[in-house]
Amino acid sequence: MSFIFFSLPDCTRAAEQLKNNPRHKSYLEQVSLRQLEKLFSFLRGYLSGQSLAETMEQIRRETTIDPEEDLNKLDDKELAKRKSIMDELFEKNQKKKDDPNFVYDIEVEFPQDDQLQSCGWDTESADEF
């Protein structure tokens with residue numbers, strides 16, 4: 001395999017090309033695409049002269065979601081990346097039937113009307129409309 005993939009700025013595309021290559025497919029079946037992306041990110045950081053700590057911090061920023069970030073301002077590519085991260089986190093935290101802590105039917109008691117806290121948006125009168 002040539003070293004042309006190191007020049008690719010998009011580690012996702014490089015990881016997909018490696019994983020889907022028929023020559024390497026049998027070796028990489030059990031390796032997730034996300035792991036290969038991280039590997040390419042480490043290689044890109046190393047080749048660009050970054051320290052390991054800098055590369056790890058950059059990868060952490062790229063693979064976590066900032067709860068204060070306005071996702072409406074992102075372009076389609078960045079939004080798809082954030083959604084992928086959220087999907088992966090959901091899958092990781094999802095409880096399945098085979099999990100030891102799985103409970104099929106969870107019942108939750110909600111507070112009665114007199115114990116509810118009011119919200120500002122629903123306190124306006126109907127006359128204002």
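**Group meeting: a five-helix predicted model**

Of the 129 residues in this protein, 15% count as buried. I should state at the outset that we are looking at a predicted model.

Let me begin with the overall architecture. The protein contains five helices and zero strands, and along the sequence the pattern reads α-α-α-α-α. The accessible surface amounts to about 11400 Å², and carbon and sulfur atoms hold 53% of that area. As for the contacts with a separation of 6 or more, 25% of them join residues 24 or more positions apart.

I turn now to the interior. Which residues make up the largest nonpolar core? There are seven of them: Cys11, Ala14, Ala15, Leu18, Leu28, Leu36 and Phe40. Helix α1, residues 11-20, and helix α3, residues 33-47, each supply at least two residues of this core. The greatest contribution comes from α1, with four residues. As general background, nonpolar side chains in soluble globular proteins tend to be buried together.

Helix α1 deserves a further word. Its buried residues are Cys11, Ala14, Ala15, Leu18 and Lys19. Viewed down the axis of α1, these buried residues fall within an arc of 130 degrees, and therefore they line one face of the helix. The cover over the buried residues of α1 includes α2, residues 25-28, together with α3.

Alanine 15 illustrates this packing at the level of one residue. What does alanine 15 touch once its neighbours within four places in sequence are set aside? The contacts of alanine 15 are then with Leu33, Leu36, Glu37 and Phe40.

Next, the surface. Val103, Ile106, Val108 and Phe110 form a nonpolar patch there, and their accessible area together is about 450 Å². Valine 108, one of these residues, lies in the segment after α5, the helix of residues 76-93. Is valine 108 buried or exposed? With a relative accessible area of 52%, against a threshold of over 50% for the exposed class, valine 108 is exposed.

My last residue is leucine 52, which belongs to helix α4, residues 52-63. Because its relative accessibility is 56%, leucine 52 also counts as exposed. Leucine 52 and phenylalanine 42 are ten residues apart along the chain, and their C-alpha atoms are separated by 7.9 Å.

To close, I would recall two points. The largest nonpolar core draws four residues from α1, while a nonpolar patch formed by Val103, Ile106, Val108 and Phe110 is found on the surface. Thank you for your attention.

How values were computed. Residues numbered from 1 in each chain as written. Predicted model: local features only at pLDDT ≥ 70, side-chain atom pairs only at ≥ 80, totals over all residues. Heavy atoms only, no water. Core = buried A, V, L, I, M, F, W, Y, C linked by side-chain atoms within 4.5 Å. Buried < 20%, exposed > 50% of the residue type's maximum accessible area, 1.4 Å probe, protein only. Contact = heavy atoms within 4.5 Å. Arc of directions from axis to C-beta. Patch = residues over 30% accessible without salt bridge, like charges linked within 9 Å, V, L, I, M, F, W, Y side chains within 5 Å. Areas by Shrake-Rupley, 256 points an atom, 1.4 Å probe, with all protein chains shown as cover. Salt bridge = Lys/Arg side-chain N within 4 Å of Asp/Glu carboxyl O.
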